[in-house]
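Visitor: I should be grateful for a close look at a single part of this structure, with its surroundings described in one connected account.

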Amino acid sequence: MRIIRYVKEGSTQLAAVNDQEQIFTLPQGDFLALIHEADALGTTPLALVLKTIEGSEALADQIEQLQLLVPIEAPEVWAAGVTYERSRDARNYEATEGRLDASTFYDKVYDAVRPEIFFKSTAARTVGPGGEVQLRSDSVWQVPEPELGLVLNAKGNIVGYTIGNDMSCRDIEGENPLYLPQAKVWKRSCSLGPAIRLAETVEDPYNLQITSLIYRDGEKAVEGTASTGQLKRKLEELTEYLIRDNELFEGTVLLTGTCIVPPNEFTLAHGDRIEIEISGIGTLVNHVVSAGR
Ligand code: DO4
Ligand code: MG
């Protein structure tokens, strides 16, 4: 069962989407209200949704016909890095221009007990399904990073799974790792959606297929696939470090790192269309625009 938000007659509507792709409107104002209500009733979010939609009629619309919104206005988005071998190798390439002759801090963090976790975005910098992600004006090597996102409650428990795009500037990070915040955080550099899959309905989060497609001028320019089975760390390992001595705001999203990196010669351009699909969650589509648009 997935939860979406969409625009209905100028206001926001919450809805549930079942495995048959039927959509049922929900009375709660947002995803967190649904979680709170389930907690207060001593039931699970899935049980509450099933009870709420019992006997009600599905919308006539298909999900593609709705004007979807970001499924949660996450107060903060954090991200883990170098959690897949592919990411470690890509970071090593950009930091050394392929002239790798010694072990780097990327090799070290990949094997270290402490994972890399960094601050990625705020609600105001994050776009939803169909939205425009923006390029930085001072980078010539930019890529999307397709990632599984964990929707967390204030205790750091995973209450849902979504899709995230950790837009990144490979040249800025490669020049100096201390530039990481600039390589990762700017206006519209993060997207989330299209849905949140209730955590209790995900049988095995280490068995999700991720597919990323980038279209340019209507033609497929880049395609990549991977599985969350390739994740080096456990999800709880990441959430434990995020909450340690931290104040976590309800609805925080933690991106879990990328396992798909486009070929080294590729950089995003204005007009590109990015599609990120994760099995059981959906497809997050975003359009790329130049800085200042
Ligand atoms: O080390 C920098 C960030 C890596 C990252 O964002 C990722 O692995 O997804
Ligand atoms: Mg990333």
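**Strand β10 and its surroundings**

Guide: At a relative accessibility of 1%, Glu-147 counts as buried. This residue belongs to strand β10 (residues 146-152), and the model in which it is seen is a predicted one. The account below begins with the metal site, proceeds along the strand and its partners, and then turns to a helix that packs against it.

Glu-147 is one of the protein donors of the magnesium ion (ligand 2). The others are Glu-145, which like Glu-147 contributes an OE atom, and Asp-166, which contributes an OD atom. These donors lie 2.0 to 2.1 Å from the ion, and along the chain they follow the spacing E-x1-E-x18-D. Glu-145 counts as buried because its relative accessibility, 4%, is under the 20% limit. Asp-166 falls within the range of strand β11 (158-166).

The burial of Glu-147 is shared along β10: 7 of the 7 residues of the strand are buried, so β10 is largely enclosed by the rest of the structure. Both faces are covered. On one side the buried residues are Pro-146, Leu-148, Leu-150 and Leu-152, while Glu-147 lies on the other side with Gly-149 and Val-151.

Two strands pair with β10. With β11 the arrangement is antiparallel, and 7 bridges join the two. Within this pairing, Leu-152 stands opposite Ile-158 of β11. The hairpin formed by β10 and β11 has 5 residues between the strands, and Gly-156 there takes a positive phi near 90°. The other pairing, with β16 (253-255), is also antiparallel and extends over 3 bridges. Here Gly-149 has Leu-255 as its bridge partner.

The approach to β16 also deserves attention. Asp-245 is placed in the loop between α7 (235-243) and β16. Its phi is near 50°, a positive value in a residue other than glycine. Asp-245 is exposed, because its relative accessible area of 82% is over the 50% limit.

Helix α1 (residues 31-40) forms a further part of the surroundings of β10, since its buried residues pack against that strand. Those buried residues are Phe-31, Leu-32, Leu-34, Ile-35 and Ala-38. They cover an arc of only 155° around the axis, which puts them on the same side of α1. Besides β10, they pack against β1 (2-8), β2 (11-17), α2 (45-53), β11 and β13. At the N-terminal end of α1, Asp-30 acts as the cap: a side-chain oxygen of Asp-30 lies 3.3 Å from the backbone nitrogen of Leu-32. The helix is followed by Gly-42, whose phi is positive, near 70°.

Two of the strands that α1 packs against have details of their own. In β2 is found Ala-16, a buried residue with a relative accessible area of 0%. Leaving aside neighbours within four places in sequence, Ala-16 is in contact with residues including Ile-3, Phe-24, Leu-26 and Val-49. The C-alpha atoms of Ala-16 and Leu-50 are separated by 9.2 Å, although the two residues are 34 residues apart along the chain. Strand β13 (residues 190-198) contains Pro-194, and the peptide bond from Gly-193 to Pro-194 is cis, with omega near -5°.

Note on methods:
Residues are numbered from 1 along each chain as its sequence is written. Chains are lettered from A and ligands numbered from 1 in the order in which they are written. This is a predicted model: local features need pLDDT of at least 70, side-chain atom pairs count only at pLDDT 80 or more; totals for chains, interfaces and linings use all residues. Side-chain values use heavy atoms; hydrogens and water are left out. Helices (H or I, at least four residues) and strands (E, at least two) are DSSP runs, numbered from the N terminus. Buried means under 20% relative accessible area, exposed over 50%, partly exposed in between (1.4 Å probe, protein chains only). Donors are N, O and S atoms within 2.8 Å of the metal (3.2 Å for Na, K and Ca); water is not among the atoms, so sites may look incomplete. The arc is that of the directions from the helix axis to the C-beta atoms. Contact means heavy atoms within 4.5 Å. A polar contact is a pair of N or O atoms within 3.5 Å; within protein, one must be able to donate a hydrogen and the other to accept it, and residues adjacent in sequence count only if both atoms are side-chain atoms. Two strands pair if DSSP finds at least two bridges between them.
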